[in-house]
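Hi everyone, thanks for making the time today. Please have the sequence and the 3D view open, and we'll walk through a few places together.

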Amino acid sequence: MRVIIVGAGVIGVTTAYFLQQHGCEVQIIDRASAPGMACSYANGGFYSAGLAAPWSAPGAVRMAFAAQFDKSAAFKWRPDFTWRQIAWMMQSLKECRPHRFTINRARLTRLATYAQACLQRIESDLSIDYQRSADGILQVYREPVPRALIDTQLRYLETMGIAADFLPREQVFTLEPALAHSTPHLLGGLRIREDMSGDCHVFTRKLAEVIQAQGGTFTWNTTVESLRTDGSGTTGKRIRALVSQDTEFQADVYVVAAGADTPMLLKSLVDIPVYPIKGYSISAPIVANECAPRHSVFDFATKTGMARLGNEMRISGIAEITGYDRSVNATRCAQLVSAFERAFPGAIDGQCASHWAGLRPATPDGVPLVGRTACENLYVNTGHGGFGWSTSCGSGKLIADIVMGRPADIDAADYALARSH
């Protein structure tokens, strides 16, 4: 079977890898000149099941309203009064209800947990160095957290098969001595033992090299502008070709993994409820090893991720609903530097940091869309939000099984476009 995948980020590349393992002839088309150049390029680095949770959560509406009056808030919504943004926001509001959040969170956690198993399978078959750190992730708290909430979180993680424990302040400092100098002082931390971090861009690039070595092809600097179909209906319609400016590409099956651009590409064929949420990161060299964290750390108060990738720190955070604006806001990046330096003073050279912003493709319920569309040979793998790296290998394996008609290891209906609620 010949399969074309649109999108060479970590989602498209893992999709191609697992399809190739099933014996498919794969071709990846991307508008960039190399793999992982969009949202996979400089994301937060966390490969986490324990922290996987939809942004559409109870309390999110209150937080969003308060953020409108706080320029430094981690979340920011800039209304543009387009129908797409309004419709997506209204759907997201519905998903903030407690019972909806419970369902969506479990679906996302299961996919992320499955993704960890799939990544381990890749690692057992291939030798890929991507600055992997498997010492767990530590979520630290600076404000009083009711013990009941912590216990609820620990029970949830236990039911999902995720090993975690809550550490009081003294044990946090034993685990991560550099935090003893942070301001304000910490109250405790949640340690998720089996979570990890790594460089998503490096992983994507090296996995693409494996795919190419095994016969897969990549077509770079090519923008897919439309899909040519047969017939005039929707149900049962087939894709005949992908059309770029001067070329048509044909295959038996097509998988669109184009992130936030997926809805525009497929707008004449299927409604894809995905909207971009801009996130930021900085990558800064470590200049004082004794002051830098040994583990990946998530600061719950500032919603800032801090992942050690070799000799540099990847610091990430912020969620802005501002349409398709890809510009890098220097003030936001400085905010990330400041958050890190309060936690780990003197560890990095913030003046030499590289700044980045990317558009996370988010669904209203926070759960990716992985499955077939109404067109019988058209599939999508998109909508991973801020957890694309964490769920990539799982969704790649899942879509490959769906395309091949193989039994899936997890319930594919939970990630289908027409999933039940």
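How many bridges join E19 to strand E20? The count is 4, and these two strands run antiparallel. Before I go further, please keep in mind that this is a predicted model. E20 covers residues 378-382, and one pair to look for is Val370, which stands opposite Asn381 in E20.

Now let's zoom out to the sheet that holds these strands. Six names to follow here: the order is E9-E2-E1-E13-E20-E19, in an open sheet with mixed pairing. At the edges you find strand E9 (217-219) and strand E19 (369-372), each of which pairs on one side only. From one strand to the next, the twist averages 20°. If strand pairing is new to you, the general idea is that strands of a sheet pair through backbone hydrogen bonds, either parallel or antiparallel.

Next, what lies against this sheet? Helix H1 lies across strand E1 (2-6), strand E2 (25-29), strand E13 (253-256) and E20. H1 runs at about 170° to E2. Helix H10 packs on the sheet as well, touching E13, E19 and E20, and the direction of H10 makes about 170° with that of E20.

Let's stay with H10 and pick out one residue. Thr391 sits in this helix, which spans residues 388-404. Is Thr391 buried or exposed? Its relative accessibility is 1%, and the cut-off for buried is under 20%, so Thr391 counts as buried. A polar atom of the Thr391 side chain lies 2.7 Å from the backbone oxygen of Phe387. Leaving aside residues up to four places away in sequence, Thr391 touches Leu108, Leu111, Ala112, Ala115 and His384.

That last name takes us to the loop between E20 and H10, where His384 is placed. His384 has 4% relative accessibility, so it counts as buried too. The His384 side chain makes a polar contact with the side chain of Asn381, at 3.2 Å. Remember Asn381? That is the residue Val370 stands opposite. A further polar contact links the side chains of His384 and Ser395, at 3.1 Å. Beyond four places in sequence, the residues His384 touches are Ile11, Pro361, Pro368, Thr391 and Ser395.

Back to H1 for a moment. In general, two packed helices are described by the angle between their axes and the distance between the axes. For helix H1 (residues 10-21) and helix H7 (residues 200-213), the axes come within 9 Å and cross at roughly 30°. This crossing is left-handed. On the H1 side, the contact is made by Val10, Val13, Thr14, Ala16, Tyr17 and Gln20. On the H7 side, look for Cys200, Phe203, Thr204, Leu207, Ala208, Val210 and Ile211. By type, the residues of this contact divide into 10 nonpolar, 3 polar and no charged.

Now for another sheet. This one is open, with 3 strands in the order E10-E11-E12 and antiparallel pairing. Strand E10 (226-229) and strand E12 (248-249) are at the edges with a single partner strand each, so one side of each has no neighbour in the sheet. Strand E11 (residues 239-243) pairs with E12 over 2 bridges, and Val243 has Glu248 in E12 as its bridge partner.

Glu248 also comes up when we look at Arg228, a residue of strand E10. The side chains of Arg228 and Glu248 make a polar contact at 2.9 Å. Arg228 touches several residues beyond four places in sequence, among them Arg238, Ile239, Val243 and Gln250. Arg228 has 35% relative accessibility, so it counts as partly exposed.

One more strand pair before I stop. Strand E14 (residues 275-285) pairs with E18 in the antiparallel sense over 9 bridges, and Tyr280 has Ala357 in E18 as its bridge partner. In strand E18 (residues 354-362), 7 of the 9 residues are buried, so the strand is largely enclosed by the rest of the structure.

And what about Ser268: buried or exposed? Ser268 lies in the loop between helix H8 (262-265) and E14. Ser268 has a relative accessible area of 64%, so it is exposed. Ser268 and Ser226 are 42 residues apart in sequence, and their C-alpha atoms are 9.0 Å apart in space.

Note on methods. Residues numbered from 1 in each chain as written. Predicted model: local features only at pLDDT ≥ 70, side-chain atom pairs only at ≥ 80, totals over all residues. Heavy atoms only, no water. Buried < 20%, exposed > 50% of the residue type's maximum accessible area, 1.4 Å probe, protein only. Polar contact = N/O pair within 3.5 Å; in protein donor to acceptor, adjacent residues only side chain to side chain. Contact = heavy atoms within 4.5 Å. Pairing = 2+ DSSP bridges. Axes fitted to C-alpha atoms, helices over the stretch in contact; angles between N-to-C directions. Left-handed = near helix turned anticlockwise from the far one by under 90°. Nonpolar A, V, L, I, M, F, W, Y, C, P; charged D, E, K, R; others polar.
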